[in-house]
Amino acid sequence: GGSCSAYFASGCRVYKLEISMEEEMLSRGKESLLIPINAQVISSSVVDRCPHRSEIQSVVLAEGEGDSCLILGTVDSYGHLIVSRLDTVAEGNIDRASYSVPPHDSGVGEGSWAGLCFSPTHHSTVAVARELCKSIDIYDQDIHIRSLRTLWYPSSVRFPQCFPQGSECSSILAITEGPQLSIWDFRMHNNGGCVQRVSGPTGGILYSVCTSPSGLIAVGGTDRAVTIYDPRRWSALSRWVGCSKYEITGLSFSSVDQSFIYVQGVDYEITCGRWRESERAFSFRGDSNWLGFSKCANTDVVAGWCESGSIFVADVRQDLSVIGV
């Protein structure tokens, strides 16, 4: 409608903002750069839930059962996972179906980056990645299923929305670790569950992976290029070189048109363009470097949070026109 909600974490807490999205077309600057307009914050609140004891590293939203239910997952620097069901209609936003999962190794060692993702078909299945431990823990709600051990430090993890090789996509994980993209099936025991490794840039590091509804896998990192892989042959379909001025730390395929992809650089710019033609459609910039970037699951509403504390939200319509940043 006329507003959207953004969830973000700072320190040990999660916050929610409801932001007005006015029906106003944006002006464009040079090289299809969108000029942001100031938006009104309708309401802001702290999400009342079981708090973390260390800094939250990742926040993920998934759609629950029904139109008014969302599933919110957070993980902190020691791998402590908290999952809550949010009622988007009722006051307070939290119902009783929340659970907390301590790290499988009781959180020993040094804290580091951690990430999580929900299975697109079974939202009770969660994967938690921990950088320094070089591990991916799979949970079915609060039950630990299996741990996967990576060769390099993991930097991003995703469940593919579709996997064309006959495997159940709910058991497949795509992980960027060091200079490699690795594919895992946590039902298998051969090679520790790893079924495929694809080498990325020589001497470079991959920071982000995303998947499309048709099964394509995109990766990006220090080489400032987006590479699209076809999992049926594990060959590169396309490589968009120079789509970002700096290292790529966030990627997401468009829900409107899969031939478009959103690219977040480590600086303050987000770019949308055709990956096959290596053609930029539009971009927008924050007022300082991004701390985080995300896109809605089934719509092209993208948001970024800057070091200055500002949040930039873009609502991209069916014709890929943007009405608010």
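Two residues are in contact here when heavy atoms of theirs lie within 4.5 Å. Counted that way in this predicted model, residues 24 or more positions apart account for 41% of the contacts with a separation of 6 or more. The chain itself is built from strands: 26 of them turn up, against 0 helices. Of its 325 residues, 50% are buried.

To start with the interior, the largest nonpolar core takes in 14 residues. Tyr262, Phe282, Phe284, Trp290 and Val302 have the most contacts inside this core. Two or more core residues come from each of S21, S22, strand S23 (279-285), strand S24 (290-295), strand S25 (301-306) and strand S26 (311-315).

Empty space was looked at next. The search for cavities of 30 Å³ or more ends with a count of 1, and the largest cavity holds about 60 Å³ of space. Its lining is made up of Cys243, Ser244, Lys245, Val263, Gln264, Gly265, Asp267, Glu269, Thr271 and Arg280. Strand S21 (260-265) and strand S22 (269-274) are the elements that supply two or more of these lining residues, and S21 gives the most, with 3 residues. Sorted by character, the lining of the largest cavity splits into 2 nonpolar, 4 polar and 4 charged residues. S21 and S22 also appear among the elements that give two or more residues to the largest nonpolar core.

Then there are the cysteines. Going through the whole structure for disulfides gives 0. Cysteine 12 is partly exposed, because its relative accessibility of 30% falls between the 20% and 50% cut-offs. Cysteine 272, on the other hand, is buried, with a relative accessible area of 0%.

A couple of loop residues have backbone angles worth pointing out. Lysine 134, which is not a glycine, has a positive phi near 55°. This lysine sits in the loop that links strand S9 (125-130) to strand S10 (135-140), and with 28% relative accessibility lysine 134 is partly exposed. Arginine 224 also has a positive phi, about 60°, without being a glycine. Its spot is the loop between strand S17 (217-221) and strand S18 (225-230). Arginine 224 is likewise partly exposed, at 35% relative accessibility.

Several residues show how parts of the chain that are apart in sequence come together in space. Serine 155 belongs to strand S12 (residues 154-158). Its relative accessibility of 18% is under the 20% cut-off, so serine 155 counts as buried. Tyrosine 207 is 52 residues away from serine 155 in sequence, yet their C-alpha atoms are 5.3 Å apart. With neighbours within four places in sequence set aside, serine 155 is in contact with Trp113, Thr176, Leu206 and Tyr207.

Serine 238, in strand S19 (residues 235-241), is another buried serine, with a relative accessible area of 9%. Between serine 238 and tryptophan 275 there are 7.0 Å from C-alpha to C-alpha, while along the chain the two are 37 residues apart. Once residues up to four places away in sequence are left out, serine 238 touches Val226, Thr227, Ile228, Trp275 and Arg276.

Glutamate 277 is a loop residue, placed between S22 and S23. With a relative accessible area of 48%, glutamate 277 is partly exposed, because the exposed class takes values over 50%. Arginine 239 lies 38 residues from glutamate 277 in sequence, and the C-alpha atoms of the pair are 9.2 Å apart.

The last residue in this set is isoleucine 183, part of strand S14 (residues 180-185). Isoleucine 183 is buried, with a relative accessible area of 0%. Its C-alpha atom is separated by 8.6 Å from that of valine 198, a residue 15 positions away along the chain.

How values were computed: Residues are numbered from 1 along each chain as its sequence is written. This is a predicted model: local features need pLDDT of at least 70, side-chain atom pairs count only at pLDDT 80 or more; totals for chains, interfaces and linings use all residues. Side-chain values use heavy atoms; hydrogens and water are left out. A disulfide is a pair of cysteine sulfur atoms within 2.5 Å. Buried means under 20% relative accessible area, exposed over 50%, partly exposed in between (1.4 Å probe, protein chains only). On a 1 Å grid over the protein atoms alone, a cavity is a set of points where a 1.4 Å probe fits but cannot get out, and a pocket is an open set with protein on both sides within 12 Å along at least five of seven lines; lining residues have an atom within 4 Å of a point. Grid points are joined across faces, edges and corners, and a volume is the space filled by probe spheres set on the points. Helices (H or I, at least four residues) and strands (E, at least two) are DSSP runs, numbered from the N terminus. Ala, Val, Leu, Ile, Met, Phe, Trp, Tyr, Cys and Pro count as nonpolar, Asp, Glu, Lys and Arg as charged, and the others, Gly among them, as polar. A nonpolar core is a set of buried Ala, Val, Leu, Ile, Met, Phe, Trp, Tyr and Cys residues joined through side-chain atoms within 4.5 Å.
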